[in-house]
Amino acid sequence: MRIAGKGLIDTSKTVSFSFDGRRIEGAEGDTVTSALLANDIRLVARSFKYHRPRGILTAGSEEPNALVTTGSGAGAEPNVRATMVEIHEGLEVKSQNRWPSLGFDVLSVNDLAAPFFGAGFYYKTFMWPGALWEKLYEPLIRRAAGLGALSGDNNEDRYERAYAFCDLLVIGAGPAGLMAALTAARAGADVILADEDSRMGGRLLAECEEIDGKPGHIWAAEAVAELAGMENVRLMPRTTVTGAYDQGTYGALERVGLHKAADGHLPRECFWRIVARRSILAAGALERPIAFPDNDRPGIMNAGAVRAYLNRWGVAAGKRVAVYGNNDGAHQTARDLMDAGVEVAAVIDSRKDASVALDAPVITGGRVIATSGRLGLEEITVATGSGQERLKVDCLAVSGGWNPTVHLACHMNGRPVWDEAIQSFVPKAGMIPGMEAAGAANGVFSTAGCLADGAKAGEAAAADLGKKASKTKMPKASDSAYRLEPLWVVEGKGRQWLDFQNDVTVKDVRLAAKENYRSVEHMKRYTTQGMAPDQGKNSNVGALAVLADATGRGIPETGTTTYRPPFVPVSIAAMGAGAQGKGFAPQRFTTSHAASVERGAPMIEAGMWYRPSYFPRPGEKTWRQACDREVTMVREAVGICDVSTLGKIDVQGPDAAAFLDFVYTNTMSTLPVGKVRYGLMLREDGHVMDDGTCARFGEGHFVITTTTAAAALVMRHLEFVAQGLRPDLDVQLVSVTEQWAQFGVVGPKSRDLLNDLLDAPISDETLPYMGHQAAQVMGVRGRLFRISFSGEHAYELAVPARFGEALYRVLVARAEMLGGGAYGMEALNVLRIEKGHITHAEIHGRTTAFDIGFDKMISRKKDCVGQKMAAREGMVEESREQLVGLKPVGAVKQLTAGAHIFVEDAQAKRENDQGYVTSVCYSPTVQSFLGLGFLKNGRARYGERVRLVDHLRGVEAVCEVVNPVFFDPEGGRLRG
Amino acid sequence: MANLVARTACEGFLPVTIGSVSLSEVVIEKMASVAPFKGKEGAVSTALKEACDIAFPAPNRTTSKGGARAIWAGQGRANVIGCDLPDLAGLAAVTDQADGVAAVKIEGDAAEAVLARLVPLDLRAASFKRGHTARSLVNHMTASITRLGPKSFEVMVMRSMAQTLVHELTEAAEGVAARG
C-alpha cells in the first residue's frame, strides 16, 4: 500500500512491468519488491526444497526469498533478487520453482512430507542401489528442488569487463562510507566509492533521522554531490564489491543497463577488477531474523526492511502490523509506521525490562510462538508471559539484532571476532591487507558513531597514502544506544526457519549436532545452511547460536564457517564478457586471406590462423575433386601456397651457431652461409618437440622456421634455453613470423614462374636445392629459399608483409597461366603424405626421433637438449612403435586416422594392439589411399599385411606395411 | 614490370570514430628491433644517439626526437621507428619489423576508459605518463601500449591480428559510448 507523501521517489511518474504475466504499476525509482508491496502483493516465490510460499524478507541484496527470473528468451536471468531489480517499462518478472502457478504449486506436497526430508535425508535414503543415483534419484531431486533455470540459448546481450585503479576503495556509501570518502578525497587521495544501491546514502535513505539539522537523505545527497564534483573521485553506484583478492585487488559487479530496457551497445553488467592501495569496508550491517515457529510466511519481514519500504519508497508493508524484536532499534519501526498512519497492532519486545515509549499496545517479555495464513500472514500468537494472545496482522516486522557485513573482510580466510555487546562478529585488523572496516560493518551502530568512524578510517587511509587530511568537522547526528538481549530461537509447534534460501530449520542444525556433525563446517555441509548464493547473509549467526547451544559451547568457540566470494551472485556472462564469438581468441589473417576468400576457399583454423582448405573450381562438387586436382597440378605444373603462418625466428649473436647446436639435434654450426638445413628439436624429456628449417644468413645470423602450430611453443622454449639453460651464450631471438609474407612456389614449373618475376634469374648453379639467397622481386627486396615439403622442385619466396597480398595475386595469376594455381591445406597434406613427411600428427608429443626414423639425426658429437633423455633405456627399442607407410590391399573405401593396427587375423582388441594410424589421404599420384602410422617394430615389417580397425567409426581395412616414402624415394624431383 | 602494391595492416577498416574516441592506423614505414649483445648496451645507445638523436630506452619507457622514436619492447630490446639505423654489426641484433605490426592510435576523451576494458594495467595519467610504454595484453592479444599524450595512446599488436584489435577496440568503445 502506497502512503501519500511518504518516500523519496516521485510517485507521480508511473512505470509498469509484468509479474507472472500480470501488469503491475509502480513508480519511477521503485524496485520490484517495493512495487509489489505497493500493490499489496506479498507472495513472490516458492522455497528451494519444500516449495513453501515465500514473500519478501529484506530490502537489499541479502534477500533470500524473493528470487525471480527477469527477462525472457536467451537473455532471461534466473535467481535474481527482486529487491535489487529496478523496475522499468517493459520489464518482465516471473516467479520460480512453482508449477502450475505461484498460488497453487503441485510440488508443495514436499512440504507435507517434510518430516522425512530433514538434513541428511538424501544421504541416508538414496544410498542403494548405487546405479540408480545418477539415473533416477539425482535427476528427480534436481527437478523437484531448485530455483530458476537458464534458457540454454546463446545470450547475445552485451556484457563488459573492466579494470580500475585507485588509492582508496570505499565499499559502501552509507554515513560511514560517505564520511570516509569525503575525508580521504579532500586530502587528495584518488578515491573510488562503490555502492550496490542505485542511490548512495545507505541506511540514511531508509531512516527518519537528521544530520546537521537536515533529513539524513538530504545530507547524503549533498555529500554525494560534493564527491561527484571532485576530479579525484569516481562514484560507482549499482556496483557491488564481490570479493577481496591478493595484492589489493577487488572484484566488483556493476549493473550498467539492467535498470533499463536493453539498449543497443549498453552493457547489461560490467565486471570490474579494482586495484586499490587501501580500502575501507563500510558495507553496513544486515538485520537478522528470529527463529520462531513458522517464521517464513509472506508478510513476515525484517523490521529494518519495513522501515526502508516506508521511508524510501513510501510503501507500507501491511495494513495492520506487529513489531517483534529484542532491541531498541525495532521500536523505530513502530514509530515510523504510526507516524505514517499505519495501524500497529502490537510491539512485542522479548526483553522483560524493556522500556518502550510508544503510543501502541506493548508486550514486554513477549514471544511470537505461532503464525498462520496459508499464502500470507493472517494471524500471530504471542506468549505474553501470563498467557497467550492472538493478533490479526498482515505484516510482522522482526528484528533479532544486526550483523556487521564482515563478508569481504573474511575472503582471505581471516576469521572475525565475537563482540559480546552486539552479539555478533566484527572484523579484526589485518584480515585483508590494506583494508579497514568502519561504521556498522565495524560494529558501530549509531549514526553519529558511523560518521565519526568513517571519518577516522578516511583520515587513517589518507595518512597511509602519504596525504594529510585536514580536521574534519563532524556533522551532528543521533547517537542512540543499541541495546539488545540475545534471542535466537523461540520454541513452539512448527518449524523455525534459519536459512530461508536453503530451507534449513533449527531442527536440522540440532540434528546435525546430534549426529555428531558438531564442527560448524560439518554442520554447514550436512544441512546446507549458508551455502550457495546466499552465503548465510541472514542465517549464519543464528545457526551458529543454535549449534553452540546444541553442543554446549559458546558462539565464539563454535566459530564461523568460511565466507566465500562472491558476496552476491556474479553472472558468468559478466566475468567472461568479451570472450565469446570473435572475442574468444584472436583471429590471425594472412596477407593472402582476402584473395583466398575471393576464390571461394573455405578457411580453416590452424592455431589462430585462418588458412584455405582448398580452392574449388566450377564443376567440382566435392573437396576431394578440388584436392586431387590441386595435387596433380603441383606434381605436373606449379602450385602456390601461403606458408607465412610457419613460425620464423631470427637468431643472431656471436654465439648463435653454438646456441642452435644446443637446441637442434643436428649440427648447425657447420652450415655454410647461403644454405638451409632441416632440423629437429627435442624436448628436455627426449621426445620430439618440433621440426623445421634453419637458414644461415651470416656468421652469427640464422633464420629458423617452426611448424605453424608450434611457433609460440618453440619461441618460448628457445627463450627458456637462452635465459635459463645457456645464459653463457650471447644470442638474441626475435620473431619475424609477421614481418615476412612467404609463399611456396612448388612444382616442375616453379623456376620458370619465378624467373619471370625476379630481377636476376636463378638456375641450379646459382640456387641449388637447400640453398637460399636475397632476391629482388618486382622491385621489392625479398628472400628466396629452395626448400620443399612436397618433394617437388620448389621454392619459398618471402617479401615484407605489406607486399604480401600483391605478390600472392601475381604468383597465382602466373601459376594459372602455366597450368597451375593456388592450392590449400588439403592438397598440402596429401603432397607431404605421399613423401612420408611428418607433421604434428606424427610428432604428437609421445614419439621419439627413433620412432620417426630420425635416430641418426641426433648428433653424438655434441650435447643438445633432450639428447641424454632420448638415449634412455626403452626410448630406442626395436619393439617401440615406429613410423611406417600403410597401403591398402585390394578394394578399400577409406582409411581413417585414429584406427588401430592389428595382425591381420588377430582379434581386434586392446591386448592385440600393434599400433595406430596418424595420417591418411587419397593420393591421386599413387592412385591409392595412403596412410602413415606407428607400428611395433614397424621398420622390420615392410611387406607384412595388417588390419586397420577404427572402432569409433566402424571402419576396417587390410593394408600392407611399406616404407613411409610412397613417391619418388630417391628425391630426383627435388633437384629439378 | 609493374611494382608490387603495398598495403598497410589496417587498410580498409580504419579510421573510425566511436563516441568520443577515434581509432586510426599509425603507418610505420621503418621499424627495426634492436637487441644489444652482451655488454654492448652502452655502445648501442651511443650509436643511436649519434645517428638518430635518441638514446636506447629504459624498461617501460620510450625515447623520441623529431620523427625518430625508440619503444622499449621487452627485456633487452627496443623497436626503433622512423630513422635509418647506424651500422650496429657486432653490437646488436637488428631485424626489420616495420611489416610485423599493426599500430593503432586511440585518441579522445574516453581513450583511457576504452583501454580500461581491455588492458589490465594502471593507465591513469599520474602513473602512466606520456612516453611510458608497456608490454601487456589487449584482451587476449599480446600488445605494446604507449601513451602519446593526455588523451591518446598507441597500441601495437602482431600484424595478422589487426582485425581483432580493431574489433576489440570498437566493441569496448561502443560500450563506453553507450554509457553516455
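This report walks through chain B, its contact with chain A, its two domains, and then one sheet in chain A. Keep in mind that the model is predicted.

**Chain B as a whole**

Let's start with the parts list: chain B has 11 strands and three helices. Read from the N terminus, the elements go β-β-β-α-β-β-β-β-β-α-β-β-β-α, so to put it in words, three strands come ahead of the opening helix and a helix closes the run.

How does the chain pack overall? A compact globule of 180 residues would have a radius of gyration near 16 Å, and chain B comes in at 17 Å, so the two agree. Along the principal axes, the C-alpha atoms of chain B fill a box of roughly 55 × 50 × 30 Å. Of the 180 residues in chain B, 52% are buried. If you take the contacts in chain B with a separation of 6 or more, 60% of them join residues that sit 24 or more positions apart.

**Where chain B meets chain A**

The contact between the chains draws on 40 residues of chain B and 43 residues of chain A. On the chain B side, strand S3 (31–36), strand S7 (92–96) and helix H3 (162–178) each bring at least two residues. Which element gives the most? That would be H3(B), with nine residues. In terms of chemistry, this side of chain B splits into 15 nonpolar, 13 polar and 12 charged residues.

**Two domains in chain B**

The domain assignment cuts chain B into two pieces, with domain 1 made from two stretches of the chain, 16–27 and 100–178, and domain 2 covering 31–96. Their C-alpha centres lie 24 Å apart. Where the domains touch, seven residues come from domain 1 of chain B and seven residues from domain 2 of chain B. On the domain 1 side, the elements that give two or more residues are strand S9 (133–138) and strand S10 (141–149) of chain B. S9(B) gives the most there, with three residues. By class, that side of domain 1 has five polar residues, one nonpolar and one charged.

**A five-stranded sheet in chain A**

Over in chain A, five strands make an open sheet with mixed pairing, in the order S2-S1-S7-S5-S6. Strand S2 (22–27) and strand S6 (77–81) of chain A are the edge strands; each has a single partner strand, so one side of each is left without a neighbour in the sheet. On average, neighbouring strands of this sheet are turned by 40 degrees against each other, direction ignored.

S5(A) pairs with both S6(A) and S7(A), as the table sets out.

| Strand pair | Sense | Bridges |
|---|---|---|
| S5 (67–70) and S6 of chain A | antiparallel | three bridges |
| S5 and S7 (92–94) of chain A | antiparallel | two bridges |

Down at the residue level, A:Val68 has A:Val80 in S6(A) as its bridge partner, while A:Thr69 stands opposite A:Lys94 in S7(A). S5(A) and S6(A) also form a hairpin, with six residues between them. In the turn, A:Gly71 has a positive phi of about 75 degrees.

Are the faces of S5(A) covered or open? Both are covered. Side chains in a regular strand alternate between the two faces of the sheet. In S5(A), A:Leu67 and A:Thr69 are on one side, A:Val68 and A:Thr70 are on the other, and all four are buried.

Methods:
Residues numbered from 1 in each chain as written. Chains lettered and ligands numbered in written order. Predicted model: local features only at pLDDT ≥ 70, side-chain atom pairs only at ≥ 80, totals over all residues. Rg over C-alpha atoms; globule rule 2.2 N^0.38 Å. Buried ≥ 20, exposed ≤ 12 C-beta atoms within 10 Å, placed from the backbone. Contact = placed C-beta atoms within 7 Å. Nonpolar A, V, L, I, M, F, W, Y, C, P; charged D, E, K, R; others polar. Domains from an automatic or database assignment. Pairing = 2+ DSSP bridges. Axes fitted to C-alpha atoms, helices over the stretch in contact; angles between N-to-C directions.
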